[in-house]
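Visitor: Please show me the structure. Then take me through its metal site, helices, hairpin and pocket.

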Amino acid sequence: MKKIYLYTASICISGLFCFSAAYAGEEDTAKEMAALFSSGRAVISDNQDQINNADLGDKGLTGDVVVAKAKEKYKEKMGKDVDANDPYQKAILEAIGDVMKDAQPVINEKGKGFKGFLPAVFAGQVATKASEKLSGKAVIKLTAPKELVRNRKNRPDDWESKAIEETFKKAGYEKGKAFSEATTVDGKNAFRFIQPEYYKQSCLSCHGGPKGETDISGGKKEGANLDDLGGAVSVTIFK
Ligand code: HEC
């Protein structure tokens, strides 16, 4: 008992320090969630040609396969293994597995090229399922600068929009650096974290130029350039 008391006292030297210490764990949790979520999405991106192959039936992209590949990518990115006992990471892994299970009939259809199954669609489904599994403890979401949003479900809320417009777009802001803040959401204490992402060459077939041209998905290209800010992964953790 005494030990616990001393520890608590030591992290609460001042109101401010106590506060930052209290959110240190959330920063790691949010960063890990965003990294795992992006790893899963990158697996779909790597396999897009395979998924779009009309000549091939079974694509071999089962839930287990995509989860295993996502774990590998996470390790490359984070320099450590996924912690499957961590409830936040577990929810994302399970969501990836569920989404791929449901996607099997869609992606394995023979004779059809583009099937509408692309990284952002996968990500939207994983975000919804993972957030459901975390039932009120946390929410994860893929979003983007307002003017780029194609799916209204991905629209940034006020906090996300402010982070994108006033932090990520600020001249000289360090590329790739996440922004986080202890704040409130609907009156509840929350730790919010947002990780910017930039268009790679592989994204430009749909999001690049010429602006307004129709892409393979039937949507309109944004006319973006390589390395432009294209989106963000947003994580909210409730206290
Ligand atoms: C095959 C075309 C295609 C490719 C390639 C592609 N996207 Fe998208 N992207 C889309 C479509 C279509 C949507 C809307 C998805 C939906 O309806 O949920 C979208 C949505 C998004 C969103 C969510 C915001 C929104 O508009 O709803 C982000 C962020 C995004 N894409 C970033 C990227 C990045 C980064 C890459 C490359 C790593 C990429 N996309 C590659 C077609 C594509």
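Guide: One definition comes before the tour. A polar contact is a pair of N or O atoms within 3.5 Å. The model is predicted.

Visitor: Which residue caps the N-terminal end of α5?
Guide: Look for a side-chain oxygen by the backbone nitrogen of Tyr 88. The two atoms lie 3.0 Å apart, and the cut-off for a polar contact is 3.5 Å. The capping residue is Asp 86.

Visitor: How far apart are the end C-alpha atoms of α5?
Guide: Helix α5 covers residues 87-107, which is 21 residues. At 1.5 Å a residue, the helix should span 30 Å. The model agrees with that, because the end C-alpha atoms are apart by 29 Å.

Visitor: Where in α5 does the kink lie?
Guide: The bend is about 30°. It comes shortly before a proline, Pro 105. The kink lies at Lys 101.

Visitor: Which residue is the only protein donor of the iron atom of the ligand?
Guide: The donor atom is NE2, at 2.1 Å. Its residue is found in helix α8, residues 204-207. The donor is His 207.

Visitor: Which peptide bond is cis?
Guide: Go to the loop between α8 and β4, where Pro 210 has its place. Omega is near -10° at the bond in question. The cis bond runs from Gly 209 to Pro 210.

Visitor: How many bridges join β2 to β3?
Guide: Strand β2 is residues 179-185 and β3 is residues 188-198. They run antiparallel. One of the pairs matches Thr 184 with Asn 189 in β3. The number of bridges is seven.

Visitor: Which residue in the turn of that hairpin has a positive phi?
Guide: Two residues lie between β2 and β3. The one in question is not a glycine, yet its phi is about 50°. It is Asp 186.

Visitor: Which element gives the largest share of the lining of the second largest pocket?
Guide: This pocket holds about 270 Å³ of space. Elements that give two or more residues to its lining are α6, β1 and β4. The lining has 18 residues, with Ser 131, Val 139, Ile 140, Lys 141 and Lys 153 nearest the centre. The largest share, five residues, comes from α6.

Technical notes. Residues numbered from 1 in each chain as written. Predicted model: local features only at pLDDT ≥ 70, side-chain atom pairs only at ≥ 80, totals over all residues. Heavy atoms only, no water. Donors = N, O, S within 2.8 Å, 3.2 Å for Na, K, Ca; no water. Helix = DSSP H or I, 4+ residues; strand = E, 2+ residues; numbered from the N terminus. Pairing = 2+ DSSP bridges. Expected span 1.5 Å × (residues − 1). Bend = angle between axes of the 7 residues up to and from the residue. Polar contact = N/O pair within 3.5 Å; in protein donor to acceptor, adjacent residues only side chain to side chain. 1 Å grid on protein atoms, 1.4 Å probe; cavity = no way out; pocket = protein on both sides within 12 Å on 5 of 7 lines; lining within 4 Å. Points joined across faces, edges and corners; volume = space filled by probe spheres on them.
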